[in-house]
Amino acid sequence: FDPETTQMSTLNGTIKKIVSDKGFGFIVADDGNEYFFHQSGCRDITFDQLRERQPVTFERGNGPKGPRAENVRLA
């Protein structure tokens with residue numbers, strides 16, 4: 001386990017949109033890219049606690065339709 005390597009894979013972003021009834025949303029990362037996230041990808045917080053424009057941290061993963069945010073946490 002290398003904490004420096006782990007730290008590099010963590011991205012910062014802001015919640016752009018939440019679709020509460022479907023359990024997913026989108027995050028705009030500081031690098032300008034947009035990432036899909038699912039409620040199952042939330043860590044240390046419930047999906048219902050998330051709000052648009054909240055700062056979050058996450059790890060970049062790959063979903064069936066492209067890049068997705070995993071291990072989403074409040075920043």
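# Close-up views

**Figure 1. Salt bridge between E34 and K16.** E34 has a relative accessible area of 40%, so this residue is partly exposed, lying between the limits of 20% for buried and 50% for exposed. The model shown here and in the other views is predicted. The side chain of E34 meets that of K16 in a salt bridge, with 2.8 Å from N to O. This pair links distant parts of the chain, with E34 in strand β3 and K16 in strand β1, 18 residues apart. K16 has a relative accessible area of 46% and is also partly exposed.

**Figure 2. Salt bridge between R73 and D44.** In the structure, 2 salt bridges are counted, and one of them joins the side chains of R73 and D44 at 3.0 Å, N to O. Because R73 lies in strand β5 and D44 in the loop between β3 and β4, the contact ties together parts that are 29 residues apart in sequence. How exposed are R73 and D44? The relative accessibility of R73 is 32%, so R73 is partly exposed. D44 counts as exposed, because its value of 74% is over the 50% limit.

**Figure 3. Aromatic cluster of F24, F26 and F36.** A search of the whole structure returns 5 aromatic pairs. One of these is the pair F24 and F26, whose ring centres are 5.9 Å apart and whose planes stand at 90°, so the arrangement is edge-to-face. F24 also pairs with F36, in this case with a tilted geometry of 5.4 Å centre to centre and 35° between the planes. The F24 and F36 pair links distant parts of the chain, since F24 is in strand β2 and F36 is in strand β3 (residues 34-38), 12 residues apart. Ring pairs thereby link F24, F26 and F36 into a cluster. Are the three residues buried or exposed? F24 has a relative accessibility of 22% and counts as partly exposed. F26, with a relative accessible area of 23%, is partly exposed, and F36 is partly exposed at 27%.

**Figure 4. Strand β1 and its partners β2 and β4.** Strand β1 (residues 10-19) runs antiparallel to strand β2 (residues 24-29), and 6 bridges join them. V19 in this pairing stands opposite F24 in β2. The two strands form a hairpin with 4 residues between them, and G23 in the turn has a positive phi of about 80°. Strand β1 also pairs with strand β4 (residues 55-63), again in the antiparallel sense, over 5 bridges. T10 stands opposite E59 in β4.

**Figure 5. Surroundings of T57.** T57 is found in strand β4. Its relative accessibility is 17%, and T57 counts as buried because the limit is 20%. Which residues does T57 contact, apart from its neighbours within four places in sequence? These are T10, L11, N12, N71, V72, R73 and A75. Among them, T10 stands opposite E59 of β4, R73 takes part in the salt bridge with D44, and N71 lies in strand β5 (residues 66-74).

**Figure 6. Positive phi at R53 and N71.** R53 has a phi near 75°, a positive value in a residue other than glycine. This residue lies in the loop between β3 and β4 and, at 68% relative accessibility, is exposed. N71 is not a glycine either, yet its phi is positive, at about 55°. N71 belongs to strand β5.

**Figure 7. Overall arrangement and confidence.** The protein has 1 helix and 5 strands, which follow the pattern α-β-β-β-β-β along the sequence. Of its 75 residues, 31% count as buried. The accessible surface comes to about 5000 Å², with 47% belonging to carbon and sulfur atoms. Among contacts between residues at least 6 apart in sequence, 47% join residues at least 24 apart. The mean pLDDT is 90, and 89% of the residues reach 70 or more. Where is confidence lowest, and where is it highest? It is lowest in helix α1 (residues 3-8), at a mean of 44, and highest in β2, at 98. Over residues 1-8 pLDDT stays under 50, and the model has 1 contact beyond four places in sequence for this stretch.

Conventions. Residues numbered from 1 in each chain as written. Heavy atoms only, no water. Pairing = 2+ DSSP bridges. Buried < 20%, exposed > 50% of the residue type's maximum accessible area, 1.4 Å probe, protein only. Contact = heavy atoms within 4.5 Å. Areas by Shrake-Rupley, 256 points an atom, 1.4 Å probe, with all protein chains shown as cover. pLDDT = per-residue confidence, 0-100. Phe/Tyr/Trp six-rings, centres within 6.5 Å; stacked < 30°, edge-to-face > 60°. Salt bridge = Lys/Arg side-chain N within 4 Å of Asp/Glu carboxyl O.
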